[in-house]
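Visitor: I would like a close look at a single part of this structure, one helix together with whatever surrounds it. Could you take me through it slowly, explaining each term when it comes up?

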Amino acid sequence: MHGKAADFKRFLLWTALYFVGAVLAARYLRSADGTALFWPSAGVGYVAAVRYGLRWTAVVAVGALLYLLLAKVPTTYLLYAIAGKTAA
């Protein structure tokens, strides 16, 4: 399997890994004041960008969008958070 179909599957895999990392960090890795001390999805986004190039930073944008929609945050925060996570 080569080409666009393989790239799409790879994109879905990395996006799912980012999303699962965000959910796990939000649910289980919080300190007493509510701050996540460890954010595994940041590593997933970094690896995808290093391995496949900057065009794969869309993994971070889509994964963050899915997570923030699940967390039900305000729309204004949603836009700034996705931009910040993708730029980082």
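Guide: What follows starts from one helix, H3, and then turns to the parts around it.

This is a predicted model, in which local features need pLDDT of at least 70 and side-chain atom pairs count only at pLDDT 80 or more, whereas totals for chains, interfaces and linings use all residues. Residues are numbered from 1 along each chain as its sequence is written, and side-chain values use heavy atoms, with hydrogens and water left out.

Helices here are DSSP runs of H or I with at least four residues, numbered from the N terminus (strands would be runs of E with at least two). H3, at residues 58–71, has 14 residues, and from its first C-alpha to its last it reaches 20 Å, close to the 20 Å expected at 1.5 Å a residue. That expected span is 1.5 Å times one less than the number of residues in the helix.

The buried residues of H3 are Val 59, Val 60, Gly 63, Ala 64, Tyr 67 and Leu 68. Buried means under 20% relative accessible area, exposed means over 50%, and partly exposed lies in between, with a 1.4 Å probe and protein chains only. Seen down the axis of H3, these buried residues fall within an arc of 145 degrees, so they line one face of the helix; the arc is that of the directions from the helix axis to the C-beta atoms.

Which helices does this face meet? The buried residues of H3 pack against helix H1 (4–28), helix H2 (40–52) and H4, where contact means heavy atoms within 4.5 Å.

On the side of H1, Thr 15 is a good residue to find in the picture. Thr 15 lies in helix H1 and counts as buried, at 5% relative accessibility. Leaving aside neighbours within four places in sequence, Thr 15 is in contact with Val 59, Val 62, Gly 63 and Leu 66. Val 59 and Gly 63 are also among the buried residues of H3. Leu 13 is found in helix H1 as well, and with 48% relative accessibility Leu 13 counts as partly exposed. Between the C-alpha atoms of Leu 13 and Val 59 there are 9.2 Å, although 46 residues separate the two along the chain.

H1 also holds a salt bridge, that is, a side-chain nitrogen of Lys or Arg within 4 Å of a carboxyl oxygen of Asp or Glu. The structure holds 1 salt bridge, and it joins Asp 7 to Arg 10, with the closest N and O atoms 3.0 Å apart. Asp 7 and Arg 10 are separated by about one helical turn, being 3 residues apart in helix H1. Asp 7 counts as partly exposed at 27% relative accessibility, and Arg 10 is partly exposed with a relative accessible area of 28%.

In H2, the helix to look at next, Ser 41 is buried with a relative accessible area of 0%. Apart from neighbours within four places in sequence, Ser 41 is in contact with Tyr 18, Gly 21 and Ala 22. Val 50, also found in helix H2, is instead exposed, with a relative accessible area of 57%. Val 50 and Thr 76 are 26 residues apart in sequence, and their C-alpha atoms are 29 Å apart in space.

Now follow the chain out of H3. Just after H3 comes Lys 72, which sits in the loop between H3 and H4. Phi of Lys 72 is near 55 degrees, a positive value in a residue other than glycine, and Lys 72 counts as exposed at 74% relative accessibility.

H4 (residues 75–87) has 13 residues and reaches 18 Å from its first C-alpha to its last, close to the 18 Å expected at 1.5 Å a residue. Leu 78, Ala 81 and Ile 82 are buried in H4. Seen down the axis of H4, its buried residues fall within an arc of 100 degrees, so they line one face of the helix. What covers them includes helix H3, whereas the face of H4 turned away from its buried side carries the exposed residues Thr 76, Leu 79, Tyr 80 and Ala 87.
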